[in-house]
Amino acid sequence: MTAKNHLCYVHLCCLFLFITSFVMQGYCPSRSAVAKFRAEAVYIEFMKQWNVGVYFSLRFQEIAGSLDSALLIPIQILHSDKGNSQHLTLNQSATLLECLMSCWREDVLVLSCSDKFLRLSLQLISRYSHWVSAGLAARKAGNAGSTPGSEWAISAVPDDFIYIIHDLNCLAERICGDFLGHVVEVLSSSSSEVLDLVKQSILEGGASLKDLKPKVINSIIQTVVEKSVEDLKQLKGITATYRMTNKPLPVRHSPYVSGVLRPLKTLLDGERATAYLTRDIRDELVQGAALEITGRYYELAADLVSVVSTKITISNPIGE
């Protein structure tokens with residue numbers, strides 16, 4: 001398919017070069033002459049043999065199909081270039097960037113279809129965003145449902161989401177930086193109004209990736225909190241320990257206390273968090289997890305106190 005697409009591109013280039021040479025050599029000395037030339041039945045019939053729309057459709061299938069294939073497989077880690085913010089860590093993210101650049105390669109882009117290639121670029125970004133958001137939704141629901149490609153999030157561990165956060169940051173910076181600059185350079189002959197619209201649309205695409213970070217962070221927090229709550233459930237054993245016994249009052253914390261924040265500490269001390277999480281994101285994880293964990297502790301403690309108080313009230317006759 002790729003070889004055929006390239007051959008089609010070469011033929012289109014020859015066609016446009018032929019037509020441009022025809023116009024430049026004085027056969028169409030004015031814009032009105034060019035318009036009249038293009039309105040001729042012979043020209044229209046000739047151009048029908050070179051359907052640019054078909055060429056774009058072929059490229060669309062090739063480029064979009066490449067990304068779709070990458071998003072349908074489990075997460076693939078590319079390398080462990082620790083802490084290098086210039087490198088993407090997941091194959092899915094790298095494929096997105098490669099597909100975006102492919103849309104604007106010199107041997108792919110046909111300027112007369114630049115609006116279609118811009119739309120394709122934005123669709124690729126949207127497809128990747130949907131892959132992340134659908135995965136998070138499936139993880140929260142506990143099943144992938146009918147959304148193909150979201151299975152990766154069900155079995156993912158918190159460390160995997162650290163890669164997602166890193167790649168979202170990296171992709172947003174690359175798209176709003178080098179990629180945007182390249183597209184503007186390719187379309188430099190366009191009007192300033194057109195270029196402004198192109199810039200705005202690409203910047204919005206990059207921003208949509210950054211907007212996913214809070215959801216990914218929250219998913220990590222929820223996983224950490226659920227692990228911590230397993231230790232908090234030991235709180236219920238306090239009443240059994242001291243009921244109907246002569247044990248003295250405790251002088252140190254219960255065993256479960258030291259393990260409550262262990263899942264969070266393990267995550268933050270891990271290799272991936274150390275290499276790829278910024279200080280701001282680490283702080284956000286700590287604050288979010290601590291707030292959730294203390295909230296769960298309050299609920300469990302309040303419920304325990306309520307149960308004990310009720311039992312005391314029942315066991316003591318009124319007025320006694």
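This report covers salt bridges and two further residues, Lys 227 and Ser 102, in a predicted model.

## Salt bridges overall

Side chains of opposite charge can pair when their charged atoms come close. A search of the whole structure turns up six salt bridges. Three of the pairs are described below, including Glu 62 with Arg 59, Asp 160 with Arg 272, and Arg 296 with Glu 226.

## A pair within helix α4

Glu 62 and Arg 59 join through their side chains in a salt bridge. The N to O distance is 2.9 Å. Both residues sit in helix α4, which covers residues 52-71. They are three residues apart, so about one helical turn separates them.

Their accessibilities fall into separate classes. Glu 62 is partly exposed, at 23% relative accessibility. Arg 59 has 3% relative accessibility and counts as buried, because the cut-off for buried is under 20%.

## Pairs between helices

Asp 160 forms a salt bridge with Arg 272. Their closest N and O atoms lie 2.9 Å apart. This pair links distant parts of the chain, with the two positions 112 residues apart. Asp 160 belongs to helix α8 (residues 158-186), and Arg 272 to helix α13 (residues 271-276). Asp 160 is buried, at 16% relative accessibility.

Arg 296 forms a salt bridge with Glu 226. Here the closest N and O atoms are 2.8 Å apart. This pair also links distant parts of the chain, 70 residues apart. Arg 296 is in helix α14 (residues 279-315), while Glu 226 is in helix α10 (residues 213-232). Arg 296 counts as partly exposed, with 23% relative accessibility. Glu 226 is partly exposed too, with a relative accessible area of 38%.

## Lys 227 in helix α10

Lys 227 is placed in helix α10. Its relative accessibility is 47%, so Lys 227 counts as partly exposed; the class for exposed begins over 50%.

Lys 227 and Gly 259 are 32 residues apart along the chain. Their C-alpha atoms are separated by 9.9 Å.

## Ser 102 in helix α5

Ser 102 lies in helix α5, which covers residues 91-103. At 17% relative accessibility, Ser 102 counts as buried. Its side chain makes a polar contact with the side chain of Arg 105, at 3.2 Å.

Which residues does Ser 102 contact, leaving aside its neighbours within four places in sequence? They are Ile 63 and Val 108.

Notes. Residues numbered from 1 in each chain as written. Predicted model: local features only at pLDDT ≥ 70, side-chain atom pairs only at ≥ 80, totals over all residues. Heavy atoms only, no water. Salt bridge = Lys/Arg side-chain N within 4 Å of Asp/Glu carboxyl O. Helix = DSSP H or I, 4+ residues; strand = E, 2+ residues; numbered from the N terminus. Buried < 20%, exposed > 50% of the residue type's maximum accessible area, 1.4 Å probe, protein only. Polar contact = N/O pair within 3.5 Å; in protein donor to acceptor, adjacent residues only side chain to side chain. Contact = heavy atoms within 4.5 Å.
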